[in-house]
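Biologist: Please take one part of this model and describe it closely, residue by residue, giving the cut-offs behind each term as you go.

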Amino acid sequence: MTARQRTEGSGRRRGRRGGGGEELRVPEAEFTSYYGRPVLKPPVWKWDIAAYLFTGGLAAGSSLLAAGGQLTGRPALRRAGRVTALAAVSASAVFLVKDLGRPARFHHMLRVAKPTSPMSMGTWILTAYGPAAGVAAIAEAAGVLPRHGLLGLAGRVLPPVGHAAGLLAAGTAPALATYTGVLLADTAVPSWHEAYPELPVIFAGSALASGAGVGLLAAPPAQAGPARRMAVAGAALELYGAHRVETRLGLLSEPYRLGRPGRLLRAGRLLTAGGVAGALLGRRSRVVGALSGTALLAASVLTRFGIFYGGVASARDPRYTVVPQRERVEARRSGMDLPSDRAAPPAV
């Protein structure tokens, strides 16, 4: 008997199951990769993209806050929302250009409009939102302009123009708040990709909560009613989505529970709950309202960074790529009633 025959024979004896059933030809596959290196190339994005996720949501939530103040006759809310929206979208442009490397790259993306590309749609959303938010914020200067002459004419024209621009910005705000969640889910990063139903919900809730935080900080309690309602709605969406990504994804929920992402998301939940509680229980106190607004803004930052770093962690560990793929293959094979590729053909 040759060495090869002896090896095959011993392998069959070790692989034979207790009841004399099928023989295993190969051992169970491991999830490790060559030299433990990632199967996927981790995202090259840095902290500035996580900050971009926050400032985009803050701009969207602030525009919705401003529209609420505009439509209900609350000038403090309107003013704070418009000014914050312009500042936040300007910061978003800085972070985005920093990531792209050259401002011209943003311009080049406007050459086409591709509905199936979240990046392309996001570029057009920012292009529509930014000028509207800017005009609405500039309209707040109408009250300090002279009453006569050319500046006086501008002072009379700006309020109705700002009214229309503010409503346009608010109409674009939901898309601005959620497209970044769609963008992350459209990548191959495991814990982002599998969370495609939840990420837009989390980002929408985070945007509403951050906008509410601006209102609670800037407006007196008598005008902060819409901000309190936004805080409740935003917290409900954010907490629901965060709970889902930490429990629904099986193995791919781990990166959102462990390490730095887990600490960030847990702290974000506590601050969100505390901010909402303060907004509702301390509705007559300006100090409590300001503390609640600060907590909601901080929670939004922590949530965005937690989601960002959770996805990065899942791309760096090969286990989060290989194990779910194997489970999907096995599920497909079971559904199609196909034999396992680890089972030897029956002996003749």
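Modeller: I would look at the single aromatic cluster that W192, F305, F308 and Y309 form. The model is a predicted one, in which local features need pLDDT of at least 70 and side-chain atom pairs count only at pLDDT 80 or more, whereas totals for chains, interfaces and linings use all residues. Residues are numbered from 1 along each chain as its sequence is written, and side-chain values rest on heavy atoms, with hydrogens and water left out.

Across the whole structure the search finds four aromatic pairs (rings of Phe, Tyr and Trp, the last by its six-membered ring, with centres within 6.5 Å; planes under 30 degrees apart are stacked, over 60 edge-to-face, and the rest tilted). One of them joins W192 to F308, with 6.0 Å from centre to centre and 40° between the planes, a tilted arrangement. This pair links distant parts of the chain, since W192 belongs to helix α7 (residues 190-193) and F308 to helix α12, 116 residues apart (helices are DSSP runs of H or I with at least four residues, strands runs of E with at least two, numbered from the N terminus). Both W192 and F308 are buried (under 20% relative accessible area with a 1.4 Å probe and protein chains only; exposed is over 50%, and partly exposed lies in between).

The rings of F305 and Y309 have centres 6.1 Å apart and planes at 45°, so this pair is tilted. F305 and Y309 both lie in α12, four residues or about one turn of the helix apart. F305 counts as buried because its relative accessibility is 17%, and Y309 is buried with a relative accessible area of 18%.

Y309 also has the charged end of R260 over its ring, 3.8 Å from the ring centre (NZ of Lys or CZ of Arg within 6 Å of the centre and within 35 degrees of the ring normal).

R260 and Y309 appear again, together with V312, A313 and R316, as the residues nearest the centre of the second largest pocket, whose lining has 10 residues (on a 1 Å grid over the protein atoms alone, a pocket is an open set of points with protein on both sides within 12 Å along at least five of seven lines, and lining residues have an atom within 4 Å of a point). The pocket holds about 180 Å³ of space, the volume being that filled by probe spheres set on the points. Helices α11 (259-281) and α12 (286-316) each supply at least two lining residues, and α12 gives the most, with five.

How values were computed: On a 1 Å grid over the protein atoms alone, a cavity is a set of points where a 1.4 Å probe fits but cannot get out, and a pocket is an open set with protein on both sides within 12 Å along at least five of seven lines; lining residues have an atom within 4 Å of a point.
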